[in-house]
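Student: Could you take a close look at the loops in this one for me, and then work outwards from there? I'd like one connected tour rather than a list.

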Amino acid sequence: MPQPFLVSLRRSISSAICTTKVRTRLVLAFAYVLITVIVALTVPLAVNQRERAESDLLGQAKVTAQAIAASFDEASLAPASRDRLARQAERDAEESTGVAVRALGLGPGQVVADIGAGSGYYTVRMAREVGPTGKVYATDVQPGMLRLLVRRLDQAGLTNVVPVLGAVDDPKLPEEALDLALMVDVYHELSRPQEVLRNLRTALKPDGRLVLIEFRKESSWVPIREEHKMSVKEARIELEAEGYRFDGVIDILPWQHILVFKP
Ligand SMILES: C[S@@+](CC[C@H](N)C(=O)[O-])C[C@H]1O[C@@H](n2cnc3c(N)ncnc32)[C@H](O)[C@@H]1O
């Protein structure tokens with residue numbers, strides 16, 4: 001084969017390879033710029049949206065607190081809630097509340113929720129644990145209960161609690177905001193438990209925890225009506241059906257157990 005032909009063939013091949021390499025680099029550079037622009041535009045939008053949702057909720061909470069402060073009638077409370085209020089004085093002894101709160105392992109700066117907070121018996125204790133850099137969302141479906149809660153917060157001088165008037169199927173909390181959601185003596189009272197669990201899952205951070213404190217059904221001697229008790233087995237059946245993972249039971253309270261689940 002003649003030499004000049006081979007040289008020119010080699011040149012054309014290497015020039016084709018070079019052109020392809022340049023083209024590939026250009027395409028990669030363009031894709032990189034495009035992805036960077038998309039990320040730069042969408043991430044702040046998502047953050048803004050979450051911040052806006054949170055500030056809407058805070059605004060709504062303020063309005064709710066003012067509205068319920070203006071219209072409270074103790075007679076409007078459910079009979080079970082009135083009974084519970086009457087028992088407040090004995091609660092610390094019966095339920096070892098301090099032990100229960102310490103077992104939750106809360107720390108300064110955490111964001112937590114007291115679902116079915118009632119008059120805020122646990123809310124104030126959690127608010128002290130998470131401190132001024134943390135936050136407690138206290139939700140209930142009874143405006144009267146939130147009124148008592150607001151009064152308790154005023155007396156305790158706590159400003160890191162957001163009262164939220166929830167719906168029976170939705171505690172109305174921001175997405176992926178919570179390190180922990182607590183329900184004390186509440187789960188068995190929910191009329192729409194599956195919907196509440198689904199909405200709570202979206203409010204929990206991926207490594208957050210849902211904790212139920214319920215009177216032990218396994219201990220027949222616990223002096224509480226059967227319909228107000230829950231066994232570990234019952235709780236697991238209900239929560240695992242909604243995709244929660246059982247993380248364990250803390251059995252250190254006189255009458256109740258502390259059931260820990262992960263979303
Ligand atoms: C037995 S009380 C417990 C109150 C509080 N956790 C405590 O330990 O003092 C149950 C509370 O759950 C509230 N509740 C019932 N269904 C609810 C729901 N779907 N969402 C939020 N709170 C609810 C009731 O209004 C009531 O205040």
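Tutor: Helices here are DSSP runs of H or I with at least four residues, strands are DSSP runs of E with at least two, and both are numbered from the N terminus. Keep in mind that you're looking at a predicted model. With those labels, the protein comes out with eight helices and eight strands.

Let's start in the loop between helix H3 (88-95) and helix H4 (97-103), where you'll find Ser96. Its phi is positive, about 45°, even though Ser96 is not a glycine. That catches the eye because most residues other than glycine have a negative phi. Ser96 counts as partly exposed because 17 other C-beta atoms lie within 10 Å, while the cut-off for buried is 20 or more.

Just before that loop, helix H3 holds Asp92. Asp92 is exposed, since 12 other C-beta atoms lie within 10 Å. Follow the chain 29 residues along from Asp92 and you reach Tyr121, with 9.9 Å between the two C-alpha atoms.

Tyr121 is a handy stepping stone, being one of the closest residues to the ligand, along with Gly116, Gly118, Gln142 and Val184. The whole shell around the ligand has 22 residues, which split by class into twelve nonpolar, six polar and four charged. Helix H2 (79-86), helix H5 (121-130) and strand S2 (135-140) each put at least two residues into that shell.

S2 takes us inwards. It runs parallel to strand S1 (residues 111-115), joined by five bridges, and one pairing to look up is Val112 with Val136 in S2. S1 is mostly covered, with five of its five residues buried. Val111, Ala113 and Ile115 point one way from S1, whereas Val112 and Asp114 point the other way.

Val112 and Val136 turn up again in the largest nonpolar core, which has 53 residues. They are among the members that touch the most others, a group that also takes in Ala113, Leu178, Ala181, Leu182 and Val211. Pick Leu178 and skip its neighbours within four places in sequence: its contacts are Val111, Val112, Ala113, Leu173, Ala203, Leu204, Lys205 and Gly208.

Now for another loop, the one between strand S3 (161-165) and strand S4 (178-184), where Lys172 lies. Lys172 also has a positive phi without being a glycine, at about 60°. It counts as partly exposed because it has 15 C-beta neighbours inside 10 Å.

Step back from S3 and you meet helix H6 (residues 143-156), which lets you do a quick geometry check. At 1.5 Å a residue its 14 residues should span 20 Å, and the end C-alpha atoms are 20 Å apart, so the two agree. The buried residues in H6 include Met145, Leu146, Leu149 and Leu153, as well as Arg147. Gly157 comes after the helix with a positive phi near 65°.

For the last stop, jump to strand S8 (residues 256-262). Five of its seven residues are buried, so S8 is largely enclosed by the rest of the structure. Strand S5 (residues 204-216) pairs with S8 in the antiparallel sense over six bridges, and Leu210 has Phe261 as its bridge partner there. Strand S7 (residues 245-250) is antiparallel to S8 too, through five bridges, with Gly248 standing opposite Val260. A five-residue hairpin takes the chain from S7 to S8.

Val249, in S7, ties this corner to the core residue Val211: the two are 38 residues apart in sequence, yet 9.5 Å apart in space, C-alpha to C-alpha. Val249 itself is partly exposed, since 14 other C-beta atoms lie within 10 Å. Beyond four places in sequence, it touches Val232, His257, Ile258 and Leu259.

Zooming right out, 32% of the 263 residues count as buried. Among contacts between residues at least 6 apart in sequence, 71% join residues at least 24 apart.

Terms used. Residues numbered from 1 in each chain as written. Predicted model: local features only at pLDDT ≥ 70, side-chain atom pairs only at ≥ 80, totals over all residues. Near = placed C-beta within 6 Å. Nonpolar A, V, L, I, M, F, W, Y, C, P; charged D, E, K, R; others polar. Expected span 1.5 Å × (residues − 1). Pairing = 2+ DSSP bridges. Core = buried A, V, L, I, M, F, W, Y, C linked by C-beta atoms within 7 Å. Contact = placed C-beta atoms within 7 Å.
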